[in-house]
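Please open the model in your viewer and keep the selection panel at hand, since this tour moves from one selection to the next.

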Amino acid sequence: MADVVQVVGTDDPVRPLFTAAGELKADARNGLGLDAAALRDLYQKMILIRRADQEALNLQRQGELGLWGQYLGQEAIHVGAVAALEANDWIFPSYREFGMAMCRGVDPAEMLTWFRGLSHGPWDPRKYAFAPLAVPVATQVPHAVGFAMGSRLRGSDDVVLGTFGDGATSKGDWHEAMNFAGVFKAPVILLCQNNHWAISVPLAKQTAGSIAERAPGYGFPGIRIDGNDVLGVFAAVRAAAERARRGDGPYLIEAMTYRMGAHTSSDDPTRYRLDSELQTWSAKDPIARYRSWLQGQGHLDDAAAAAIDRAAETMAEQMRSRLRAAVPAPAGEAIFDRVYERPPGPFIEEREEFEASLEGT
Amino acid sequence: MEPVTMAKAINLSLRDALAGDEQVLVFGEDVGTLGGVFRITDGLQKTFGVDRVFDTPLAESTIIGIAVGLALRGFRPVPEIQFDGFVYSAFDQIVSHVAKYRNRSGISMPITIRIPFGGHIGAVEHHSESPEAYFTHTAGLKVVAPATPGDAYALLRSAIADPDPVIFFEPKARYYMKEEINPSLEVPIGSARVAREGSGATVIAYGPTVSLALDAASAAEKENISLEVIDLRSLSPLDMPTILASLQKTHRAVVVHEAPVFGGFGGEIAARISDDGFDLLEAPVARVGGMDAPYPPSRYEKLYLPDVDRILEAVDVALAYG
Ligand SMILES: Cc1ncc(C[n+]2csc(CCOP(=O)(O)OP(=O)(O)O)c2C)c(N)n1
């Protein structure tokens, strides 16, 4: 991994926590202030979201979902980042962040109605401080920055996390948003989940440079870290968030990870990547690594690990049964609701005509 | 009140909106210190401060993108796009997010996007476009275009107060047209006005073509042809009752806009008239507009844009029909 970079004259509380290779230093790991229960909770969350990911893939294969986008291998980022934030710090996801949403308390069965083709927005973003999915790549990054600018105008100390993939960093919106973040010193953490692939395009074809090193060009620091270490992600996001809360502005974190699954259930990665790559990254699996560390610390015995696995099974069963029971809204509601707060007359007429036509059938 | 220009009327409207609601924010390229390239935001930063009226980096997509984030944070953003031809950079944010965000979140987007539009100013490329049909075609947006200082003031107040996103097209060639305005008059979104009463044919216009239609009506009068002129003011939603009431009298319609005719908003008006008022018609609905060619170099714009003669020719054809 490339060396971290620093903006001259800008304080960078994240960098000292990491080695030049982006690994969390031992003393930083021991100084996180997380007790055994909190450390176990990170493990449990990773197990739960991985089980949910697997269950969603099963449901897709059984025809219950139109599509599924796995985040297998990226759990440390999802769990570590959310745990490092306050509950009212908004998160702006792209489309692969169901693990993050679960960590915020969004019901996985309800979330899946998005993939089932029942809803464009199954949760109330205000309730979870978790924005709707943004499918057009990188378009959510300006929203995150705008929201953070708003927090600053309000004099509030909440911060914002905008997250995106490596492919997103090629888009104009990403660069524009980085630039705005720097100019307005927005309290925003820009978190790149660099999983090495954008569908079939590998990182080397996505960019000739380093993503983290772009931050100084926009006037704030950036760092490349090991994204498969949940405590490393936690430490980086927390330090960047504290910095933003103090009013010192944005921070870019490039978390290196790997997309272990296909791009989505419609994709066939055997057409473009080698098994050997998968094997290399399997050895760095974020959950296996963290489990052996926890066990080594004496924080996770077999009984506790088994109880967590059972909890994951129960959750998966509920996901299945609740998703299958999800009732479609009446067609008129699904199509016309929530378009306008003050719907214009012609729009209301079209809705009424449509609903009348349904009654006739 | 002294007569004011449309530019001043819009400035006053922004000023009153900023004064009346602390959540209103005005931002865009050069809108702060300079007061905008057309001086529409002149003096606003001085009165309301750099937090509420601010210059942004030169990036249309993110000017609109931050508006979405600010709206989610509870603000009422009023971003400016400096010229019509540069809104295309922001098209994705407008269509994919401003228009659809409420649909996927239940959270309203009270964003008013101001865009100076239209030609007749002798400008270089990309400064004279009429992109309204791209936006009327997008569900979730409301689209308006005033033609007079009074309507510009009132419609902008309505747009900023509206809980839904509004694209506010300002006919830049009419920025210096003057009239007395009455700030207490309300103009709701979705209401057209009869700009001139007549009985022979109805000329339907909006934004910069309204005064053209009125000129055509004055010229026609000399030939004893009585034209009614409708100023739509609002394109989406469209005020069909006002159009149909006029056709009850005239039975003939000519739609005029600067945008190219093919795929232009006039096509929607013609189709609606044929849906809802076919029996009223005594001639096909005529459309007069820009040509199906890129907006030309400025020395040719007078030939490209609709003018009084082209409107009157269309009227003659409509009157001679059948
Ligand atoms: C603007 C845009 N272009 C293309 C697509 C189709 N698409 C969906 S995901 C994707 C790759 C994104 O890669 P990356 O940003 O690295 O995120 P990842 O999928 O790896 O999480 C593409 C091309 C899209 N959704 N949006």
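Begin by colouring the two chains separately and selecting the contact between them, to which chain B brings 43 residues and chain A brings 39 residues. Bear in mind throughout that this is a predicted model. Between them, chain B and chain A bury about 3500 Å², and carbon and sulfur atoms account for 59% of that area. On the chain B side, show B:Arg73, B:Asn103 and B:Arg104 as sticks, for these residues lose the most area to chain A and together make up 19% of what that side buries.

Next, look at the polar side of this interface, where two salt bridges are counted between chain B and chain A. One to display is the pair B:Asp162 and A:Arg342, whose side chains meet in a salt bridge with an N to O distance of 3.5 Å. Across the interface of chain B and chain A there are also 21 residue pairs in polar contact, with both residues at pLDDT 80 or more.

Now switch to a cartoon view of chain B and ask which elements give two or more residues to the side that touches chain A. They are strand E3 (53–55), helix H3 (60–72), helix H4 (91–98) and helix H5 (101–105) of chain B, and H3(B) gives the most, with 10 residues. If you colour this side of chain B by residue class, you will find 18 nonpolar, 15 polar and 10 charged residues.

From here, leave chain A aside and select within chain B, which is divided into domain 1 (4–179) and domain 2 (193–320). The contact takes 25 residues from domain 1 of chain B and 22 residues from domain 2 of chain B, while the centres of the two domains, taken over C-alpha atoms, are separated by 26 Å. The area buried between these domains is about 1900 Å², with 55% of it given by carbon and sulfur atoms. Select B:His120, B:Glu132 and B:Arg174, which supply 25% of the area that domain 1 buries against domain 2, more than any other three residues.

Two salt bridges are found across this domain interface. To see a salt bridge in chain B, display B:Arg233 with B:Asp151, where the closest N and O atoms are 3.1 Å apart. The domain interface also holds 13 residue pairs in polar contact, both residues being at pLDDT 80 or more.

As a last stop, highlight helix H6 (132–136), strand E6 (142–144) and helix H7 (149–161) of chain B, each of which supplies at least two residues of the side of domain 1 that touches domain 2. By class, that side of domain 1 has 12 nonpolar, eight polar and five charged residues.

Definitions and conventions: Residues are numbered from 1 along each chain as its sequence is written. Chains are lettered from A and ligands numbered from 1 in the order in which they are written. This is a predicted model: local features need pLDDT of at least 70, side-chain atom pairs count only at pLDDT 80 or more; totals for chains, interfaces and linings use all residues. Side-chain values use heavy atoms; hydrogens and water are left out. Domain bounds come from an automatic or database domain assignment. Contact means heavy atoms within 4.5 Å. Buried area is the accessible area (1.4 Å probe) that two parts lose on being put together, summed over both. A salt bridge is a side-chain nitrogen of Lys or Arg within 4 Å of a carboxyl oxygen of Asp or Glu. A polar contact is a pair of N or O atoms within 3.5 Å; within protein, one must be able to donate a hydrogen and the other to accept it, and residues adjacent in sequence count only if both atoms are side-chain atoms. Helices (H or I, at least four residues) and strands (E, at least two) are DSSP runs, numbered from the N terminus. Ala, Val, Leu, Ile, Met, Phe, Trp, Tyr, Cys and Pro count as nonpolar, Asp, Glu, Lys and Arg as charged, and the others, Gly among them, as polar.
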